[in-house]
Amino acid sequence: MKKYIVECRKLYKDYLPGKITVKALKNVNLKIEEGEFTAIVGPSGSGKTTLLNLIGCLDIPTKGDVFLNNILVSSYKDKNRLADIRRDNIGFIFQTFNLIPVLTVYENVNFVLNLKGTPEDEGRRLTLRLLKEVGLKGLEDRFPNELSGGQQQRVAVARAIVKSPAIVLADEPTANLDSITGEKIMKLLSDLNKKKGITFIFSTHDEMVMKFAHRIIKLHDGKIVSDIRRKK
Amino acid sequence: MIKTLLILSWKNLKRHTKRTVITSSAISFGIALLIWTDGLLKWADNESKRNLIRYEFGNFIICTKDFKQDKDNFPVNKVLNKRQINKIKSIAEKYNCYIAPRTGFKSFLSFNRNFGIPYIVYAVNPDLDFKVFKIKNSVIKGTYLNNNEDGILISEYCKKNLNVDIGDYITIETKTRYDTYQAVQVKITGIYRTPDPVVDRNQVFITSKFADRNLQTEGTATIIAVKTENNKNEPYLSKIKAAIKKERGLSNLTEITWQEAGKDYLLLSRSKRGASKIIIIFIFVIVAVGIVNTMLMAVFERTKEIGMLRALGIRDKYVVLSFIFESAGIGLLGSLIGVILGIIANAYSVTYGLDFSSALKDIDIGYRVGTIGYNEWNPKMMLGAFIFGITISILVSIIPARKAVKLKITESVNN
């Protein structure tokens, strides 16, 4: 039996930035299996980021349900509960890296484990191991502004997966990187998916990125217009 | 979690060292000002009270009941007679207290037929008066009063006011005990300067012998000032009162404590304590503006980071707490430096004092102090100012800190 990490049912999201309501998502139905490496593609304004935000419990839908590990998270109104869900289950990678500039590479990654209350020794071991895996060994004491864009995104990747989340959401993870670095990052994500079985969902409109995906979901005007699975 | 937040807050404080230092400096300035001003006001208040006793009233005054009712008009006909004075003297001596009989005349002093300037001319017994009052120690030129020589002791202020000096003759115009006008010339034999501006600006002194001959006092006095052994009213006041009650011929007498006599000052003193409150409000404004500004800047600058932290799963209350830690850090630094600066400034003023002569030359600020201002130590205020600085820093940071978590996470992250 297939295990679905994410399930969206009849999902709607409206925004009211001014006087006119923008319908960002319209009746989106989606199931993501555990271990999938899924790309959500589509032009700007198609609803990619909105969908990721709803799956990542960063926003709540106007209508419809979001399930994470079969738990109906979209019904939660308590901010703390949602924060705990994010802390324990979801890793985020953003296109602008969003590292904490006053913390070193090691501290940025380890911070997530501190939030979870991981014992210090174990946290240290996990962090150092992961930094080595993502190719940042020797850079542990550097600050984000001392790193290249690619290195910063590697730190963001390490930070997203160090807590072994159920799912990692990446919003245009290569948009701020040159093509070679972007490819390296995607290779890293792909390898982590294969090795650790982490479920990745990422949004992109980069052809190069799409080629790594096992499944490509295309959005247009807030609706899924195609859902193609490819061989792993 | 708290440890992680503390580390994060500390690193954020170091991130904008200049801003942290500037905000802390504003707090330091306010705290140091509060400590120093409080020390000065405390000294001025205590010194004024000491001077009320030393130069104006002694610990308490014995007078007739009639005089007490009309004391502000200095009635020279409501007197203690010689017999009463002697009885009071022996009662006071029994309790190791000193007495100084005095009669105050509302007068005009003039020199060279110029217009008279109003003064209170006190007729005193020089052999007794110096044991109660410190006027004798305040003579800066010439000599103190002498029973064997007619003369007037005037203040340095009066000297300048009348443009006179030792050896000059000035005219006293007043009413005698029998309500007749009298003008009498007397030689200036001494000039004094006390730290009590009320005395310096209003009082001159002649001997009671001179008054007996020229102003018909005839050995009487309107008041007897009493100085107690321990410089406190009690238990002497109660004992002397009881003794007066027992003694025949003293039933028309009553007492006025220095607190009653100086109640105008004490009322003023109470209102002057409001000055500290104004400074506290002033500091509150400095701290509030500084911290709110710094924290709001931090919130706006770090919108994205805050969004990221919340996306990572940190609860909103911990984000708020991290900002509170930051402002507490600024408050701690500012208060600590402020207390140190305050102590240094206070120590200087305690030791050397500050000369306010030019500022206070012709101004009466109500305190019975001279123009050199000193400070006193007030450890309670120092501790209070330290805690106050930190507490206010924390309290005023709550609003900007809460603002940090008001934005939607999605808006913050994509800021």
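Which residues touch the most other members of the largest nonpolar core? In this predicted model, the core has 113 residues, and those that touch the most other members are A158(A), I161(A), V168(A), L169(A), I201(A), I35(B) and A385(B). Select these seven to begin the tour, and then add helix 2 (residues 17-57) of chain B, which gives the core its largest share, eleven residues. A separate core of 63 residues can be picked up from I53(B), F57(B), I99(B) and A100(B), which are among its members.

**Chain A**

From that list, centre the view on I201(A) and show its surroundings: leaving aside neighbours within four places in sequence, I201(A) is in contact with I32(A), T38(A), I40(A), L52(A), I55(A), I167(A) and L169(A).

Now show the whole of chain A as a cartoon, in which seven helices and ten strands should be found. The radius of gyration of chain A is 17 Å, close to the 17 Å that the globule rule gives for 232 residues, so chain A is as compact as a globular protein of that length. Along the principal axes, its C-alpha atoms fill a box of roughly 50 × 45 × 40 Å. Of the 232 residues, 45% count as buried, and among the contacts in chain A with a separation of 6 or more, 70% come from residues 24 or more positions apart.

Next, select helix 2 of chain A, residues 79-89, where L82(A), A83(A), R86(A) and N89(A) are buried. Turn the view to look down the axis of helix 2 of chain A: its buried residues fall within an arc of 160°, so they line one face of the helix. As a general point, an α-helix has 3.6 residues a turn, so residues three or four places apart point the same way. To see what covers the buried residues of helix 2 of chain A, display strand 4 (63-68), strand 6 (90-94) and strand 7 (167-171) of chain A, and also helix 13 of chain B, all of which are included in that cover.

**Where the two chains meet**

Helix 13 of chain B leads on to the contact between the chains, in which 18 residues of chain B are in contact with 19 residues of chain A. On the chain B side, helix 1 (2-15), helix 13 (303-311) and helix 17 (409-413) each supply at least two residues, and the largest share, five residues, comes from helix 13 of chain B. Coloured by residue class, the side of chain B that touches chain A divides into six nonpolar, four polar and eight charged residues.

**Chain B as a whole**

Zoom out to all of chain B, whose secondary structure comes to 17 helices and twelve strands. Its radius of gyration is 31 Å, well over the 22 Å that the globule rule gives for 415 residues, so chain B is more spread out than a compact globule. The C-alpha atoms of chain B fill a box of roughly 100 × 50 × 30 Å, taken along the principal axes. Of its 415 residues, 45% count as buried, while residues 24 or more positions apart account for 83% of the contacts in chain B with a separation of 6 or more.

Colour chain B by its domain assignment, with 2-53 + 265-414 as domain 1 and 60-227 as domain 2. The centres of these two domains of chain B, taken over C-alpha atoms, are separated by 51 Å. Their contact takes five residues from domain 1 of chain B and four residues from domain 2 of chain B, and the residues on the domain 1 side divide into one nonpolar, two polar and two charged.

**Two stops in chain B**

Select L5(B), which lies in helix 1 of chain B. Is L5(B) buried or partly exposed? With 19 C-beta neighbours inside 10 Å, L5(B) counts as partly exposed. Not counting residues up to four places away in sequence, L5(B) touches Y318(B), L321(B), S322(B) and F325(B). A distance drawn from L5(B) to A183(B), C-alpha to C-alpha, comes to 84 Å, and the two are 178 residues apart in sequence.

Finish at A221(B), in the loop between helix 8 (208-214) and strand 9 (223-227) of chain B. A221(B) is buried, with 28 other C-beta atoms within 10 Å. With residues up to four places away in sequence left out, A221(B) touches V79(B), L80(B), I85(B), P101(B), R102(B) and T103(B). The C-alpha atom of N163(B), 58 residues away along the chain, is separated from that of A221(B) by 30 Å.

Definitions and conventions
Residues numbered from 1 in each chain as written. Chains lettered and ligands numbered in written order. Predicted model: local features only at pLDDT ≥ 70, side-chain atom pairs only at ≥ 80, totals over all residues. Domains from an automatic or database assignment. Contact = placed C-beta atoms within 7 Å. Nonpolar A, V, L, I, M, F, W, Y, C, P; charged D, E, K, R; others polar. Helix = DSSP H or I, 4+ residues; strand = E, 2+ residues; numbered from the N terminus. Buried ≥ 20, exposed ≤ 12 C-beta atoms within 10 Å, placed from the backbone. Arc of directions from axis to C-beta. Rg over C-alpha atoms; globule rule 2.2 N^0.38 Å. Core = buried A, V, L, I, M, F, W, Y, C linked by C-beta atoms within 7 Å.
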